[in-house]
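Okay, thanks for coming, everyone. I'd like to walk you through one structure today, so have a look at the screen while I talk.

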Amino acid sequence: LIRRQRQMCIRDSYNSILFTVVSVALKLLIGLGVALLLYQPMFSNRWFRAIILLPWVIPSAFSILGWLWILDPLYGSLNWILTHLGFHKIPWLSSPFWARFSVILVNTWRGVPFFAIGLLGGLVGIPKDVYEAAEIDGAGAFRKFWSITLPLLKPPLLVITLFSVVMTISDFSIVYILTRGGPMNSTQVFATLAYQYGLSGGQLGLGAAVSLFMFPFLLFSAIVLLRIISKEVY
């Protein structure tokens with residue numbers, strides 16, 4: 001029994017780290033791109049920003065139930081579109097690979113507005129005089145982004161990443177509503193495992209232990225990111 005629980009702990013640790021790292025990386029890249037897009041004058045309209053915020057504003061249970069219908073392997077709209085385009089249906093929630101892909105996709109969709117709006121605030125705070133001086137020196141768009149925008153965005157970027165890591169690794173609703181940790185426990189993460197042990201199984205001590213198992217990983221991530229932030233501010 002101890003050996004089995006150790007194997008389950010290793011498997012769920014891998015699932016949780018994979019889910020967190022891939023989701024946060026995708027949210028960071030896409031959110032940065034969306035923030036740069038919203039910073040342009042042609043996309044600075046408040047309606048564009050309101051549309052971008054919709055995935056974050058909608059209650060999570062409603063939006064995830066919508067995704068559950070979209071990803072349904074038999075009657076989902078996504079497979080309906082794929083079949084009409086000549087592709088085969090994809091078992092979004094019944095295959096281990098596609099189930100992991102689906103929960104990461106939904107988490108990314110919900111988290112991109114958090115990165116986009118936060119980084120947009122950082123972009124607005126960058127003085128335009130710096131860009132004008134760089135243009136006078138002959139810097140192009142990529143050079144201005146790499147040498148000015150990205151370094152000045154590092155402090156807010158790292159803070160937003162830290163918050164996103166904490167929220168992602170403790171995310172319960174997406175995995176529970178979409179897959180219940182399946183198929184074959186391929187999407188079981190710490191949050192759903194703690195619920196399974198503590199509330200469904202009645203083993204409150206084991207559920208609390210699983211919850212506390214996330215603490216060292218979060219502490220390590222917080223220390224690393226906060227040290228980088230302090231160096232950047234200094």
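Before anything else, one term: when I say a residue is partly exposed, I'm talking about the range between buried, which is under 20% relative accessible area, and exposed, which is over 50%. Glu 135 is a good example, because at a relative accessible area of 47% it falls in the partly exposed class. And please keep in mind that what you're looking at is a predicted model.

Let's stay with Glu 135 for a second. What does its side chain meet in a salt bridge? The partner is Lys 144, at 2.9 Å from N to O. Lys 144, for its part, is buried, with a relative accessible area of 16%. How many salt bridges are there in the count? Just one.

Now the overall picture. The protein has ten helices and zero strands, so if you read the elements from the N terminus, you simply say "alpha" ten times over. The C-alpha atoms fill a box of roughly 70 × 50 × 25 Å along the principal axes. Of the 234 residues, 38% count as buried. And if you take the contacts with a separation of 6 or more, 70% of them come from residues 24 or more positions apart.

Next, helix 7, residues 141–169. If this helix of 29 residues were straight, you'd expect a span of 42 Å, but its end C-alpha atoms are only 35 Å apart. Where does helix 7 bend? Look at Lys 154: the bend there is about 50 degrees, and a proline, Pro 155, follows within four residues.

Okay, on to a residue I'd like you to zoom in on: Arg 110, which sits in helix 5, residues 96–124. This arginine is buried and has no salt bridge. Side chains of opposite charge can pair when their charged atoms come close. So why doesn't Arg 110 have a salt bridge? The nearest side chain of opposite charge is Asp 171, 5.8 Å away, and a salt bridge has to be within 4 Å, so that pair doesn't qualify.

What does Arg 110 have instead? A polar atom of its side chain lies 3.1 Å from the backbone oxygen of Pro 55. The side chain also makes a polar contact with the side chain of Ser 63, at 3.4 Å. Leaving out residues up to four places away in sequence, the residues that Arg 110 touches include Trp 56, Ile 58, Pro 59 and Ile 174.

Last stop is the loop between helix 8, residues 173–178, and helix 9, residues 190–200, where you'll find Pro 183. Gly 182 and Pro 183 are joined by a cis peptide bond, with omega at about -5 degrees. Arg 180 is in that loop too, and its phi is near 55 degrees, a positive value in a residue that isn't glycine. Met 184 is another one from the loop, again not a glycine and with a positive phi of about 55 degrees. Are these two buried or exposed? Arg 180 is exposed at 52% relative accessible area, and Met 184 counts as exposed at 69%.

One more distance before I stop. Gly 140 lies in the loop between helix 6, residues 128–136, and helix 7. From there to Arg 180 you go 40 residues in sequence and 49 Å in space, C-alpha to C-alpha. That's my tour, thanks.

Technical notes:
Residues are numbered from 1 along each chain as its sequence is written. This is a predicted model: local features need pLDDT of at least 70, side-chain atom pairs count only at pLDDT 80 or more; totals for chains, interfaces and linings use all residues. Side-chain values use heavy atoms; hydrogens and water are left out. Helices (H or I, at least four residues) and strands (E, at least two) are DSSP runs, numbered from the N terminus. The expected span of a helix is 1.5 Å times one less than its number of residues. The bend at a residue is the angle between axes fitted to the seven residues ending there and the seven starting there. Buried means under 20% relative accessible area, exposed over 50%, partly exposed in between (1.4 Å probe, protein chains only). Lys and Arg count as positive and Asp and Glu as negative; His and the chain ends are not counted. A polar contact is a pair of N or O atoms within 3.5 Å; within protein, one must be able to donate a hydrogen and the other to accept it, and residues adjacent in sequence count only if both atoms are side-chain atoms. Contact means heavy atoms within 4.5 Å.
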